[in-house]
Protein chains: 2
Amino acid sequence: MGGPRFEPVRAVHAYERVVEQVEEAIESGALSPGERLPSERDLMVQFSVSRSTVREALRVLQARGLVRSRPGDPHGAEVLPFTPAALHKSMTTLARVAELSLAELVQFRMVLDSSASLLAARLRTDGHLAEMGAAVARMRAATDHDAFVAEDVSFHDVVARASGNKLIQICTDVVRSIVLGLISEKLAAAPDRQALMRQTIKHHEEVLAAVRAGDGPLAARLTRKAMYDYYADYVRDAERPALRALLE
Amino acid sequence: MGGPRFEPVRAVHAYERVVEQVEEAIESGALSPGERLPSERDLMVQFSVSRSTVREALRVLQARGLVRSRPGDPHGAEVLPFTPAALHKSMTTLARVAELSLAELVQFRMVLDSSASLLAARLRTDGHLAEMGAAVARMRAATDHDAFVAEDVSFHDVVARASGNKLIQICTDVVRSIVLGLISEKLAAAPDRQALMRQTIKHHEEVLAAVRAGDGPLAARLTRKAMYDYYADYVRDAERPALRALLE
DNA sequence: GCTAGTGCACTGGTCGGACCAGTAGGCTGC
DNA sequence: GCAGCCTACTGGTCCGACCAGTGCACTAGC
């Protein structure tokens with residue numbers, strides 16, 4: 001006691017140092033998307049490590065979606081613009097390993113998308129309204145099921161953008177694609193798909209009207225209801241009450 | 001036209017194949033947390049690749065939080081139980097690279113935590129209520145600021161658990177720690193910290209009462225309000241209206 | 001008989017060198 | 001001036017080697 005306070009040290013491997021430095025350079029903006037990293041052989045000189053170490057570091061950076069490297073590219077690894085790919089990957093893993101149920105995913109979407117609608121009703125611009133209207137029009141014109149789903153997605157995406165919150169936008173996008181990946185084939189095989197599509201269009205028109213009118217709470221309620229109606233059939237009976245808890 | 005339909009192929013590197021196989025084994029449950037992977041030298045035989053390739057694959061799996069390896073461990077890499085560490089990492093990167101503002105993060109918390117309160121009011125057990133009460137009691141007994149914050153966190157964590165939605169629980173946890181990481185030093189240096197702590201305790205008691213009474217909408221509203229009061233001072237003026245949009 | 005201590009076999013981390021297929025840009029020949 | 005080839009260099013993969021660290025079996029001492 002009383003002497004200098006030493007902190008526990010943890011062995012930090014060489015490749016981690018490399019990762020940290022490159023990561024810092026990218027996140028701080030010193031390296032911008034589209035710029036190139038030096039070649040692996042240059043990096044091993046700059047960092048004074050072997051090429052194996054450099055490569056392991058690059059693999060980690062690549063797994064995190066920060067850089068991409070192509071064989072033979074004389075310009076070195078490319079710094080990528082941010083994409084939610086890494087977030088998507090880790091959340092997909094989460095869904096499998098933590099055994100997330102479809103109900104939990106849908107409930108999460110109900111929360112996020114309805115909040116997006118609530119905010120969008122406040123913050124939407126005329127441009128957003130026009131985009132939403134156009135998406136609904138394309139839904140109505142869609143001939144095959146895939147196109148319909150694609151336009152459905154683009155409607156929700158406009159709403160999320162109109163919420164003004166990038167995190168909400170990205171998370172709705174990620175969770176939506178996970179949900180769709182889980183049940184897209186069931187949706188495509190649903191009986192009376194025509195009726196479902198008509199009902200979905202009606203729901204979207206109602207949400208759009210509420211957003212246009214600036215009635216956030218109504219838009220949020222309608223969004224939750226629409227999502228419940230759309231997915232409830234695919235959720236286990238025992239979990240449906242938890243979804244309904246968000247409805248009133 | 002008319003011939004066999006060929007799909008575009010993309011060069012898939014050897015290490016990716018290794019990653020895929022191990023990942024599949026873990027996510028399918030063939031490998032459970034705590035189990036060990038064969039040693040790198042065994043893996044290079046099983047996969048018929050070099051050790052460099054095996055190691056690059058292991059680095060990726062490690063970056064995704066699926067395995068951990070220690071130097072000298074005779075049992076090989078360990079399969080880890082799921083932790084949100086990878087999610088945390090990618091969301092932190094997102095926050096930096098996509099330049100998420102504090103307001104967006106706080107708004108996200110307002111959405112998620114209030115939804116957790118709403119659901120908790122419905123689904124909480126007596127055990128949850130007891131835990132929440134104990135957390136508030138420990139907040140009141142806390143002497144230093146760090147302990148106070150820690151108990152605050154544990155209160156919110158119980159609520160998130162009581163919501164019954166693991167995804168909500170994990171995401172609140174991840175976003176909360178990012179927010180705290182951004183402004184913990186500012187919070188510690190806040191003027192009249194005592195008053196802030198008293199107010200926070202009062203807020204939590206009110207939320208607890210609403211959850212106990214089963215009044216979800218009230219609990220949700222109180223949660224949003226409490227979070228706004230707690231963080232609004234640190235948010236840029238221009239972004240405060242977006243937070244207030246969630247209050248009424 | 002049981003425990004404390006020691007050695008060993010093996011691990012992961014790092015290094016260096018090598019070869020290959022692929023790329024882009026400069027060069028050559030037309 | 002342009003098409004096509006050449007070359008220097010890239011990333012992907014492999015191999016062999018060395019080191020520090022770990023856990024286990026074995027041993028010496030009680």
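1. Helices here are DSSP runs of type H or I with at least four residues, numbered from the N terminus. On that count, A:Ser48 sits in the loop between helix 2 and helix 3 of chain A. The model is predicted.

2. A:Ser48 deserves a look at its backbone. Its phi is positive, about 55°, although the residue is not a glycine. A:Ser48 counts as exposed because it has 8 C-beta neighbours inside 10 Å, and the exposed class takes 12 or fewer.

3. A:Glu99 also has a positive phi of about 55° and is not a glycine. A:Glu99 lies in the loop between helix 4 and helix 5 of chain A. With 11 other C-beta atoms within 10 Å, A:Glu99 is exposed.

4. Confidence in chain A comes next. The mean pLDDT is 92. Of the residues of chain A, 96% score at least 70. Among the elements of chain A, helix 5 (residues 102-123) has the highest mean, 97. Helix 4 (residues 85-97) of chain A has the lowest, 90.

5. How are the two protein copies related? A turn of 180° with a shift of 0.0 Å along the axis lays chain B on chain A, with an RMSD of 0.1 Å. The copies are therefore related as by a two-fold rotation axis.

6. The protein interface brings 37 residues of chain B into contact with 37 residues of chain A. On the chain B side, helix 3 (51-63), helix 4 (85-97), helix 5 (102-123) and helix 8 (166-188) each supply at least two residues. Helix 5 of chain B gives the largest share, ten residues. By class, this side of chain B holds 21 nonpolar, seven polar and nine charged residues. The copies meet through the same surface, because 100% of the interface residues of chain B are also interface residues in chain A.

7. DNA strand C has 24 residues around it. The closest are A:His13, A:Ala14, A:Val49, A:Gly72 and B:Ser39. Helix 1 (14-27) and helix 3 (51-63) of chain A, together with helix 2 (40-47) of chain B, each give two or more residues to the surface near this strand. That surface divides into eight nonpolar, nine polar and seven charged residues.

8. DNA strand D is likewise surrounded by 24 residues. Those that come nearest are A:Ser39, B:His13, B:Ala14, B:Val49 and B:Gly72. Helix 2 (40-46) of chain A, with helix 1 (14-27) and helix 3 of chain B, each supply at least two residues of the surface near DNA strand D. Helix 2 of chain A gives the most, three residues. The class tally near DNA strand D is eight nonpolar, nine polar and seven charged.

9. Which residues touch the most other members of the largest nonpolar core? They are A:Ala219 and B:Ala219, in a core of 94 residues. Beyond its neighbours within four places in sequence, B:Ala219 is in contact with B:Ser117, B:Leu118, B:Ala120, B:Ala121, B:Val207, B:Ala210 and B:Val211. A second, separate core has 32 residues, including A:Ile26, A:Val54, A:Leu61 and A:Val67.

10. One residue of helix 8 of chain B is B:Leu182. B:Leu182 counts as partly exposed because it has 17 C-beta neighbours inside 10 Å, and a buried residue needs 20 or more. B:Leu182 and B:Leu102 are 80 residues apart in sequence. Their C-alpha atoms are 8.0 Å apart in space.

Notes
Residues are numbered from 1 along each chain as its sequence is written. Chains are lettered from A and ligands numbered from 1 in the order in which they are written. This is a predicted model: local features need pLDDT of at least 70, side-chain atom pairs count only at pLDDT 80 or more; totals for chains, interfaces and linings use all residues. Two residues are in contact if their C-beta atoms, placed from the backbone, lie within 7 Å. Ala, Val, Leu, Ile, Met, Phe, Trp, Tyr, Cys and Pro count as nonpolar, Asp, Glu, Lys and Arg as charged, and the others, Gly among them, as polar. pLDDT is the predictor's confidence in each residue, from 0 to 100. Copies are superposed by least squares on the C-alpha atoms of residues with pLDDT of at least 70 in both. A residue is near a molecule or strand if its C-beta atom, placed from the backbone, lies within 6 Å of it. A nonpolar core is a set of buried Ala, Val, Leu, Ile, Met, Phe, Trp, Tyr and Cys residues joined through C-beta atoms within 7 Å.
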